[in-house]
Amino acid sequence: MVDESILSIQGLSKNYGSIKAVDALDLEIKKGQVFGLLGPNGSGKTTTLSIVLGLIKPQNGHFKWFGKPVTAATLRRIGSILESPIFYPYLSATDNLKIIADIKRVSYDSIDEKLAMTGLLERKNHHFKTYSLGMKQRLAIAAALLGNPEVLILDEPTNGLDPQGIAEIRGLIIDIAKEGKTIIIASHLLDEVQKVCSDVAVLQNGKCLYSGKVDFMTGDGLLLEVMADKPELLIAALENCQWATISSREKDHFLVQLQKDNSASDLNRYLIDQQVVLNHLTTKHKTLESHFLALLKNKA
Ligand code: ATP
């Protein structure tokens, strides 16, 4: 089923003292998506992933994996490299994966297959300490794939890698996605999300600024700022619109992203047809992409 829910998050919040690491977050991730959690450092990506993996408890909100509350059995359907596994430097890749297979209680049968998939088969008998950073990261992905999870979670998978290592990891993610797995990637790199993800949620200060197709975000459509007499009618009308989406809201100001080839007049006309009266409309001349880049700049 194309629209099968993999992860559904509602109203998730986690505070550390006065810091709102995750702030009333809603997300929907569907089967087969390569879903990017995109945001600058400190935007709440790792905290969100830690909560849905059951590593930390939220103060508020709920989440469901595969349409159900989380159980130990559910977590076995998910492979993650949230924290890199500890590999033994003087053991080979194969022996390290055997230890992880024992911990996960899965057989050794698929170890070679996972090493082949991650391009490490020829080096399988070499000590881990002789591996490059990129190879270590690929071994972590091989470890996460043991037991054939349906979902793979990667946190900043290309951090610290050189351009070749980055290209290899991105190619690997695309190959894994082709097998039909759902992949969730936390990244602060717009370019990375554009290259490998089908869908994205942009996070800032634990809040979601935009959630939708990557194409939509990086297209060259207009970004408009609008206000309506009845904001709830505006939200409802835009939920049913294929070519306009709300990318953020600040009190009664909404930023609305249009798809390429749609104009401000198209939006105005559509909203009037939907009985929504705007009292403010300005063109921001920015796509979500430049909006996100500005966001990153502000954080730098
Ligand atoms: P990064 O890419 O830098 O890891 P992130 O988007 O994954 O960023 P988080 O690591 O989830 O963001 O952090 C969100 C906010 O919560 C930050 O302000 C961070 O300092 C804070 N935070 C996270 N973990 C803790 C903790 N254990 N104690 C206190 N504050 C924390």
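Let me begin with the ligand: the residues around it, each with a heavy atom within 4 Å, are Tyr 16, Ile 19, Ala 21, Pro 40, Asn 41, Gly 42, Ser 43, Gly 44, Lys 45, Thr 46, Thr 47 and Glu 156. This is a predicted model, where local features need pLDDT of at least 70, side-chain atom pairs count only at pLDDT 80 or more, and totals for chains, interfaces and linings use all residues. Residues are numbered from 1 along each chain as its sequence is written, and side-chain values use heavy atoms, with hydrogens and water left out.

By class, that shell has four nonpolar, six polar and two charged residues. Here Ala, Val, Leu, Ile, Met, Phe, Trp, Tyr, Cys and Pro count as nonpolar, Asp, Glu, Lys and Arg as charged, and the others, Gly among them, as polar.

Now the polar contacts, meaning pairs of N or O atoms within 3.5 Å. Ser 43 has a backbone N or O atom 3.0 Å from a ligand oxygen. For Lys 45, a side-chain N or O atom is 2.8 Å from an oxygen of the ligand. Thr 46 places a polar side-chain atom 2.6 Å from a ligand oxygen. The ligand alone exposes 630 Å², and the protein buries 59% of that, by the Shrake-Rupley method with a 1.4 Å probe.

Two or more shell residues come from each of strand 2 (19-30) and helix 1 (45-52). Helix 1 gives the most, three residues. Helices (H or I, at least four residues) and strands (E, at least two) are DSSP runs, numbered from the N terminus.

Next, the second largest pocket. A pocket is an open set of points on a 1 Å grid over the protein atoms alone, for a 1.4 Å probe, with protein on both sides within 12 Å along at least five of seven lines; lining residues have an atom within 4 Å of a point. Its 24 lining residues include Leu 75, Ile 78, Gly 79, Ser 80 and Lys 104, which lie nearest the centre. Strand 5 supplies the largest share of the lining, four residues. The lining divides into 17 nonpolar, three polar and four charged residues.

Finally, the whole protein chain contains 11 helices and 13 strands. Its C-alpha atoms fill a box of roughly 65 × 40 × 40 Å along the principal axes.

Key: A polar contact is a pair of N or O atoms within 3.5 Å; within protein, one must be able to donate a hydrogen and the other to accept it, and residues adjacent in sequence count only if both atoms are side-chain atoms.
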